[in-house]
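Okay, thanks for making time, everyone. Let me put the structure up on the screen, and then we'll walk through it together.

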Number of protein chains: 2
Amino acid sequence: MKTVLVGSGNVATHLAFALQEAGVAIVQVWSKHIQNAKTLAKEIKAEVIANLSEIDKQADFCILSIKDDAIPTVAKELAGFKGIILHTSGAVSLAVFEKHFRKYGVLYPLQTFSIKKDVDFNKIPICIEANTNETLESIRQLAEKLSGNVVPVDSEKRKILHLAAVFACNFTNHLYALSSDLLADYELDFDMIRPLILETAEKVQHALPNEVQTGPAIRNDEQTLKKHKELLLKQPQLLTIYETLSESIKKTKK
Amino acid sequence: MKTVLVGSGNVATHLAFALQEAGVAIVQVWSKHIQNAKTLAKEIKAEVIANLSEIDKQADFCILSIKDDAIPTVAKELAGFKGIILHTSGAVSLAVFEKHFRKYGVLYPLQTFSIKKDVDFNKIPICIEANTNETLESIRQLAEKLSGNVVPVDSEKRKILHLAAVFACNFTNHLYALSSDLLADYELDFDMIRPLILETAEKVQHALPNEVQTGPAIRNDEQTLKKHKELLLKQPQLLTIYETLSESIKKTKK
């Protein structure tokens, strides 16, 4: 299986290494950021192409792992590619490809990727979608080389998964950040909170979050809520978030 | 070391088992909920007392692990106890004890406890505080039987830690819950999001959360933000949270 990779960001890089490890040859890499493409291509021993027109016409897959906004433009430039064209986005519909290709699909790894940290692809849910059953099977074969958790998901449901991921990952990380900033203001170390963060995530691996909600809001502990709000009086942004989320937690009890 | 335990909730129960495992004898258990006290006392082979006046006068420690609001009242009933009296609350000041006792302090384990799930006490930061250095040392000796991470923290800083924990744990769990509800609305399994939740928490074990923020808000990906808000139009509460947290994330970039 010959694959072309378009992109050189977090997802593209992790995917490239995981594919290589799974024995899938990446023959070419293209990126808007040519220097990044060179760095990545060197590491995975692929060819760098400077123009999308140089794409290997014999490749089985071309994977677009680029910013959502860039997918339509790049797809247009690749029009007529004979293999299967894929994107890896949670939020972009399958239909983005329909004008320009005969075989197309989506391979969306539901995970957060950072350049600095390795992830075990085998545990990552990979959502796949395609324009035909035959193409879906080809994508499934590719995806199953990466993960034991490959799930067909249509564009509408994939969008919901992406949105749910924003709540469970991006917003959660921001709460960690607010917590870290608050500690720093009082010269307290973020290390004090790290075990709590891990335990909170581990707890919902085998329970539903609503079943294990703790804290003053779910207990209706008005005195503590009041004290906390007083501590945040000089930080209106934190106060708004505190009030919004506390109210939302209270509603789950009803 | 003889210890009396007042309380039978999540924290009290986990603490009781951890103390017992560390070789600290719990001689008596009292709880407002006598049946819970009986269950716990039976498991740790302690005596149940129905009235606080029956407390063992020779005990070295009396640990109040009860609701914040109940601490002043129970403290008053225990007035004159000769050992060291402690509470385990993040939000209640050390001064709650000063009228009634000569030796008093705080032992606050910074963790989230659920009856259903075991936790490894050894990794939990335990914040300690006392009215004298001598009492602090006694509390330190007790706390170090439980954890390798015992830190003296005064009441003011402890309140900040508790508030930071609400952001990093209680609010975070609520975001998991909102995510889970959203998935359920579309008949998607929460299992799809569980690996992401764990990875998000693991990522900040060795990085600061601001350094690893991902998602549409930090990328200023206005198209995706717009699409997400459209998906939430019929859920005003989720929409408010989405907008509040996205705005807050954008501000961190500036």
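Let me start with a question: leaving out residues up to four places away in sequence, which residues does B:Asn170 touch? Have a look while I say the obligatory thing, which is that this is a predicted model.

Right, so the contacts of B:Asn170 are A:Gln213, A:Thr214, A:Gly215, A:Pro216 and A:Ile249, plus B:Ala165 from chain B. B:Asn170 itself sits in helix α5 of chain B, residues 155–185. And it's buried, because its relative accessible area is 8%, under the 20% cut-off.

That takes us to the interface. On chain A, 91 residues are in contact with chain B, and 91 residues of chain B are in contact with chain A. Together the two chains bury about 8,700 Å², with 68% of that on carbon and sulfur atoms. How many salt bridges are there between chain A and chain B? Zero. What you do get is 36 residue pairs in polar contact across the two chains, counting pairs with both residues at pLDDT 80 or more.

So which elements of chain A give two or more residues to the side that touches chain B? They're α5 (155–185), α6 (194–203), α7 (222–231) and α8 (236–253). The largest share is from α5(A), with 26 residues. If you sort that side of chain A by class, you find 47 nonpolar, 26 polar and 18 charged residues.

Now, symmetry. Turn chain A by 180°, with a shift of 0.0 Å along the axis, and you can lay it on chain B with an RMSD of 0.0 Å. The two copies are therefore related as by a two-fold rotation axis. And the same surface serves both: 100% of the contact residues of chain A recur in chain B. If you want a landmark for the axis, take A:Thr172, which is the residue of chain A that comes closest, with its C-alpha at 2.7 Å.

Staying with the helices for a moment, look at α6 of chain B, residues 194–203. Why do we call it largely enclosed by the rest of the structure? Because seven of its 10 residues are buried. Those are B:Arg194, B:Leu196, B:Ile197, B:Glu199, B:Thr200, B:Ala201 and B:Lys203. The cover over them comes from both chains: it includes α5 and α6 of chain A, together with α5 of chain B.

Let me zoom out to one chain. Chain A has eight helices and eight strands, and its C-alpha atoms fill a box of roughly 70 × 40 × 30 Å along the principal axes. There are 254 residues in chain A, and 57% of them count as buried. On contact order: take the contacts in chain A between residues at least 6 apart in sequence, and 52% of those join residues at least 24 apart.

Here's a local example of that kind of thing. A:Ala130 is in strand β7 of chain A, residues 126–130. In sequence, A:Ala130 is 25 residues from A:Gly105, but the C-alpha to C-alpha distance is 3.9 Å. Beyond four places in sequence, the contacts of A:Ala130 are A:Leu94, A:Tyr104, A:Gly105, A:Thr135, A:Leu136 and A:Ile139. Is A:Ala130 buried or exposed? Its relative accessibility is 18%, so it counts as buried.

Over in chain B, we can look at B:Thr135, which is in helix α4, residues 133–144. Here the relative accessibility is 4%, so B:Thr135 is buried as well. Its side chain makes a polar contact of 3.0 Å with the side chain of B:Thr132. Further off in sequence, B:Thr135 is in contact with B:Ile84, B:Lys103, B:Tyr104 and B:Ala130.

Last stop, for the backbone-torsion people. A:Lys45 isn't a glycine, yet it has a positive phi of about 55°. You'll find A:Lys45 in the loop between α2 (34–44) and β3 (47–48) of chain A, and at 75% relative accessibility it counts as exposed. A:Asn220 is another non-glycine with a positive phi, also about 55°. A:Asn220 lies in the loop between α6 and α7 of chain A, and it's partly exposed, with a relative accessible area of 41%.

That's my tour, so over to you.

Terms used. Residues are numbered from 1 along each chain as its sequence is written. Chains are lettered from A and ligands numbered from 1 in the order in which they are written. Side-chain values use heavy atoms; hydrogens and water are left out. Contact means heavy atoms within 4.5 Å. Buried area is the accessible area (1.4 Å probe) that two parts lose on being put together, summed over both. A salt bridge is a side-chain nitrogen of Lys or Arg within 4 Å of a carboxyl oxygen of Asp or Glu. A polar contact is a pair of N or O atoms within 3.5 Å; within protein, one must be able to donate a hydrogen and the other to accept it, and residues adjacent in sequence count only if both atoms are side-chain atoms. Helices (H or I, at least four residues) and strands (E, at least two) are DSSP runs, numbered from the N terminus. Ala, Val, Leu, Ile, Met, Phe, Trp, Tyr, Cys and Pro count as nonpolar, Asp, Glu, Lys and Arg as charged, and the others, Gly among them, as polar. Copies are superposed by least squares on the C-alpha atoms of residues with pLDDT of at least 70 in both. Buried means under 20% relative accessible area, exposed over 50%, partly exposed in between (1.4 Å probe, protein chains only).
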